[in-house]
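Hi everyone, thanks for coming. I'd like to walk you through one structure today, so let's put it up on the screen.

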Amino acid sequence: MLEMFGGVGLFFMFALVYFFSGIRIINEYERGVVFRLGRVTPLKGAGFKWIIPGIDKMLKVSTRVVVVDIPPQDVITRDNVTVKVNAVFYFRVMDPLKAVLEVENYIYASSQLAQTTLRSVLGEVELDDLLSDREKINQRLQHIIDERTDPWGVKVTAVEVKHIDLPTEMQRAMARQAEAERERRAKIIAAEGEFQASQRLADAAKIIGEQPAALQLRYLQTLVEIATENNSTTLFPIPIDIFRGFIKDGAR
């Protein structure tokens, strides 16, 4: 009798262990891909799931955005400048079944594809375009990588070139170029100032030439300014012609 109860208890214990070993909890951001004797079954959503131990095998696939760093890559631009470029790209799994069935490791495969695409695309542009038109290059990288990872059920949402490491000689040359550009702009601004000042002086001379009384008043104003600045006596020759206009006006 005791042996019978002992056998039943052992059976229930084995059944409980068997049952609990098949429990799986899938989070809201995950999906479960279940293989039953090697064949894939319909995709499992979030929540409590139970698989047949020893028969079913579940792989969880995250559907959240994954951020992957692209390590620094040696790139030769179209104008034969060697630079070191690193980047980052963002992607998420849109079809977990394809991500499991179509590629062995979709994260590693996407990273390798991003590295080769980065070298290929940047090798087709010149250094000036790489430095000044980065947004356009990012969009082109994103389009190419997304197109190639689409069969894996992966959607690339963004690619960003993070840092461009230039050779020391190139940095010095660019610094000299920037300095020369600043000097050129400063000279242009100074020349424009001289041009505008000369135009104003010419306008003033024209007005003074047409109005002799204006010249005489300017002459007298200069005498006042000299007397204000210096306390000593100043002998200033004054042409009698400048008073001729006042004399005529007084005679009238």
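Let's start in the loop that runs between strand E6 (66-76) and strand E7 (82-93), because that is where you'll find Asn 80. Please keep in mind that this is a predicted model. What is the phi of Asn 80, which is not a glycine? It is positive, at about 60°. And is Asn 80 buried or exposed? With 65% relative accessibility, Asn 80 counts as exposed.

Now let's move to another loop, the one between strand E2 (30-36) and strand E3 (39-40), where Leu 37 sits. Leu 37 is not a glycine either, yet its phi is positive, about 55°. Leu 37 has a relative accessible area of 70%, so it is exposed.

Next, some charge. Which residues make up the negative surface patch? They are Asp 79, Asp 128, Asp 129, Asp 133, Glu 135 and Glu 160. If you want a landmark for one of them, Glu 135 lies in helix H5, which covers residues 134-149.

Let's zoom out to the chain as a whole. Its secondary structure consists of eight helices and eight strands. The chain has 252 residues, and 25% of them count as buried. About 17,700 Å² of the chain is exposed, with 58% of that area coming from carbon and sulfur atoms. Finally, a word on contacts: taking those between residues at least 6 apart in sequence, 61% join residues at least 24 apart.

That's my tour. Thanks for listening, and I'm happy to go back to any of these spots.

Terms used
Residues are numbered from 1 along each chain as its sequence is written. This is a predicted model: local features need pLDDT of at least 70, side-chain atom pairs count only at pLDDT 80 or more; totals for chains, interfaces and linings use all residues. Side-chain values use heavy atoms; hydrogens and water are left out. Patches are made of residues with over 30% relative accessible area and no salt bridge: like charges are joined within 9 Å, nonpolar side chains (Val, Leu, Ile, Met, Phe, Trp, Tyr) within 5 Å. Accessible areas come from the Shrake-Rupley method with a 1.4 Å probe; for residues, only the protein chains shown count as cover. A salt bridge is a side-chain nitrogen of Lys or Arg within 4 Å of a carboxyl oxygen of Asp or Glu. Lys and Arg count as positive and Asp and Glu as negative; His and the chain ends are not counted. The place of a charge is taken as NZ of Lys, CZ of Arg, CG of Asp or CD of Glu. Helices (H or I, at least four residues) and strands (E, at least two) are DSSP runs, numbered from the N terminus. Buried means under 20% relative accessible area, exposed over 50%, partly exposed in between (1.4 Å probe, protein chains only). Contact means heavy atoms within 4.5 Å.
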